Amino acid sequence: MRTGYFYSLVFALLTSASVATIAAPLAKPESGNAPLVLEVSPKTQSGKVDLNAADAPTLQRELTGIGEAKAKAKAIVAYRESNGPFSSVDELLEVKGIGKAILDKNREQLHVN
(Lines give C-alpha, C1' and ligand atoms only; values in the text may rest on other atoms or scores of the structure.)
Protein backbone atom coordinates (compact mmCIF):
# COMPACT_ATOMS: atom_id res chain seq x y z
CA MET A 1 0.00 0.00 0.00
CA ARG A 2 2.86 2.37 0.72
CA THR A 3 4.25 1.81 -2.76
CA GLY A 4 0.90 2.83 -4.23
CA TYR A 5 1.11 6.19 -2.44
CA PHE A 6 4.72 6.59 -3.47
CA TYR A 7 3.91 5.99 -7.13
CA SER A 8 0.97 8.37 -6.91
CA LEU A 9 3.21 11.09 -5.46
CA VAL A 10 5.87 10.53 -8.14
CA PHE A 11 3.20 10.66 -10.85
CA ALA A 12 1.74 13.89 -9.41
CA LEU A 13 5.19 15.45 -9.15
CA LEU A 14 6.13 14.58 -12.74
CA THR A 15 2.77 15.74 -14.07
CA SER A 16 2.99 19.09 -12.32
CA ALA A 17 6.59 19.55 -13.48
CA SER A 18 5.69 18.86 -17.12
CA VAL A 19 2.68 21.19 -16.95
CA ALA A 20 4.87 23.91 -15.44
CA THR A 21 7.43 23.67 -18.23
CA ILE A 22 4.76 23.77 -20.92
CA ALA A 23 2.99 26.73 -19.35
CA ALA A 24 6.17 28.71 -18.60
CA PRO A 25 6.96 31.51 -21.07
CA LEU A 26 9.92 30.92 -23.29
CA ALA A 27 12.96 32.92 -22.19
CA LYS A 28 14.46 35.05 -24.95
CA PRO A 29 18.22 34.85 -25.43
CA GLU A 30 20.02 37.83 -24.03
CA SER A 31 21.33 39.68 -27.05
CA GLY A 32 21.22 43.07 -25.39
CA ASN A 33 24.41 42.43 -23.47
CA ALA A 34 26.59 42.14 -26.56
CA PRO A 35 28.98 45.05 -27.01
CA LEU A 36 28.02 47.45 -29.76
CA VAL A 37 30.50 48.13 -32.52
CA LEU A 38 30.25 51.52 -34.16
CA GLU A 39 31.42 51.86 -37.70
CA VAL A 40 33.49 54.97 -38.10
CA SER A 41 33.74 56.20 -41.63
CA PRO A 42 36.50 58.53 -42.71
CA LYS A 43 34.25 61.57 -42.86
CA THR A 44 35.09 64.86 -41.36
CA GLN A 45 32.77 66.88 -39.19
CA SER A 46 31.56 68.67 -42.30
CA GLY A 47 30.17 65.37 -43.60
CA LYS A 48 32.55 65.09 -46.54
CA VAL A 49 34.40 61.94 -47.56
CA ASP A 50 38.20 62.18 -47.52
CA LEU A 51 39.54 60.68 -50.76
CA ASN A 52 42.86 59.89 -49.11
CA ALA A 53 41.41 58.02 -46.12
CA ALA A 54 38.19 56.36 -47.30
CA ASP A 55 38.16 52.64 -47.99
CA ALA A 56 36.23 50.98 -50.83
CA PRO A 57 33.06 50.15 -48.82
CA THR A 58 32.86 53.74 -47.56
CA LEU A 59 33.22 55.13 -51.07
CA GLN A 60 30.49 52.79 -52.34
CA ARG A 61 28.16 53.73 -49.52
CA GLU A 62 28.67 57.48 -49.52
CA LEU A 63 29.11 58.42 -53.18
CA THR A 64 26.61 58.40 -56.04
CA GLY A 65 27.52 56.24 -59.04
CA ILE A 66 30.36 54.46 -57.23
CA GLY A 67 28.97 50.96 -56.81
CA GLU A 68 30.18 47.40 -56.66
CA ALA A 69 29.08 46.55 -60.19
CA LYS A 70 32.02 48.20 -61.96
CA ALA A 71 34.43 48.24 -58.99
CA LYS A 72 34.97 52.00 -59.20
CA ALA A 73 35.56 52.26 -55.46
CA LYS A 74 38.28 49.62 -55.67
CA ALA A 75 39.79 51.47 -58.62
CA ILE A 76 39.94 54.67 -56.55
CA VAL A 77 41.71 52.87 -53.70
CA ALA A 78 44.10 51.12 -56.13
CA TYR A 79 44.94 54.43 -57.82
CA ARG A 80 45.65 56.01 -54.44
CA GLU A 81 47.88 53.09 -53.42
CA SER A 82 49.90 53.15 -56.64
CA ASN A 83 50.13 56.94 -57.18
CA GLY A 84 50.08 58.25 -53.65
CA PRO A 85 47.47 60.48 -52.02
CA PHE A 86 45.18 62.67 -54.08
CA SER A 87 46.29 66.29 -54.25
CA SER A 88 42.86 67.56 -55.34
CA VAL A 89 39.35 66.28 -55.93
CA ASP A 90 39.82 66.90 -59.68
CA GLU A 91 42.59 64.28 -59.73
CA LEU A 92 39.79 61.72 -59.38
CA LEU A 93 39.31 62.10 -63.15
CA GLU A 94 42.58 60.19 -63.61
CA VAL A 95 40.97 57.02 -62.17
CA LYS A 96 39.74 54.62 -64.84
CA GLY A 97 35.93 54.55 -64.86
CA ILE A 98 35.48 57.92 -63.18
CA GLY A 99 34.26 60.58 -65.55
CA LYS A 100 33.26 64.21 -65.29
CA ALA A 101 29.58 63.32 -64.66
CA ILE A 102 30.39 61.16 -61.62
CA LEU A 103 32.81 63.75 -60.29
CA ASP A 104 30.24 66.54 -60.68
CA LYS A 105 27.59 64.48 -58.85
CA ASN A 106 29.91 63.90 -55.91
CA ARG A 107 32.05 67.05 -55.81
CA GLU A 108 30.17 68.51 -52.81
CA GLN A 109 30.67 65.32 -50.80
CA LEU A 110 34.40 64.98 -51.42
CA HIS A 111 37.49 66.63 -50.03
CA VAL A 112 41.22 65.91 -49.91
CA ASN A 113 42.99 66.03 -46.60
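Let me begin with Glu62, which is partly exposed because its relative accessible area is 22%, where buried means under 20% relative accessible area, exposed means over 50%, and partly exposed lies in between, all with a 1.4 Å probe and protein chains only. The side chain of Glu62 meets that of Arg61 in a salt bridge, with 3.3 Å from N to O, and by salt bridge I mean a side-chain nitrogen of Lys or Arg within 4 Å of a carboxyl oxygen of Asp or Glu. Arg61 itself, at 42% relative accessibility, also counts as partly exposed, and its place is in helix 2. When I say helix or strand, I mean DSSP runs numbered from the N terminus, with H or I over at least four residues for a helix and E over at least two for a strand.

Before going on, I should say that this is a predicted model, in which local features need pLDDT of at least 70 and side-chain atom pairs count only at pLDDT 80 or more, while totals for chains, interfaces and linings use all residues. Residues are numbered from 1 along each chain as its sequence is written, and side-chain values use heavy atoms, with hydrogens and water left out.

Now the overall layout. The protein chain has 4 helices and 2 strands, and from the N terminus on the elements run α-β-α-α-α-β. Of its 113 residues, 25% count as buried, and the chain exposes about 8,500 Å², of which carbon and sulfur atoms supply 60%; these areas come from the Shrake-Rupley method with a 1.4 Å probe, and for residues only the protein chains shown count as cover. If we take contacts with a separation of 6 or more, residues 24 or more positions apart account for 42% of them, a contact being heavy atoms within 4.5 Å.

Which residues of helix 3 are buried? They are Lys72, Ala73, Ile76, Val77, Tyr79 and Arg80. Seen down the axis of helix 3, these buried residues fall within an arc of 155°, so they line one face of the helix, the arc being that of the directions from the helix axis to the C-beta atoms. They pack against helix 2 (56-62) and helix 4 (100-106), whereas on the other side of helix 3, Lys74, Glu81 and Ser82 are exposed. As for its length, the 12 residues of helix 3, residues 72-83, should span 16 Å at 1.5 Å a residue, and the end C-alpha atoms are 16 Å apart, which agrees; the expected span is 1.5 Å times one less than the number of residues. Helix 3 is followed by Gly84, whose phi is positive, near 90°. Coming back to Arg61 for a moment, its C-alpha is 9.6 Å from that of Ala73, with their positions 12 residues apart in sequence.

Let me turn to the other salt bridges, since a search of the whole structure finds 4. The side chains of Arg107 and Asp90 meet in one of them, at 2.8 Å from N to O. Arg107 lies in the loop between helix 4 and strand 2 (110-111) and Asp90 in the loop between helix 3 and helix 4, so this pair ties together parts that are 17 residues apart in sequence. Both ends count as partly exposed, Arg107 at 32% relative accessibility and Asp90 at 40%. Lys100 forms a salt bridge with Asp104, the closest N and O atoms being 3.0 Å apart, and, being 4 residues apart in helix 4, the two are separated by about one helical turn. Lys100 is exposed, with a relative accessible area of 56%, while Asp104 is partly exposed at 39%. Salt bridges that share partners join Asp90, Lys100, Asp104 and Arg107 into one network.

Two further places deserve a look. Phe6, which is found in helix 1 and is exposed with a relative accessible area of 52%, belongs to a nonpolar surface patch with Tyr7, Val10 and Leu14, and together the four have about 440 Å² of accessible area. Patches here are made of residues with over 30% relative accessible area and no salt bridge, like charges being joined within 9 Å and nonpolar side chains (Val, Leu, Ile, Met, Phe, Trp, Tyr) within 5 Å.

The other place is Lys48, found in the loop between helix 1 (2-23) and strand 1 (49-50), which at 28% relative accessibility counts as partly exposed. Lys48 and Asn106 are 58 residues apart in sequence, and their C-alpha atoms are 9.8 Å apart in space.
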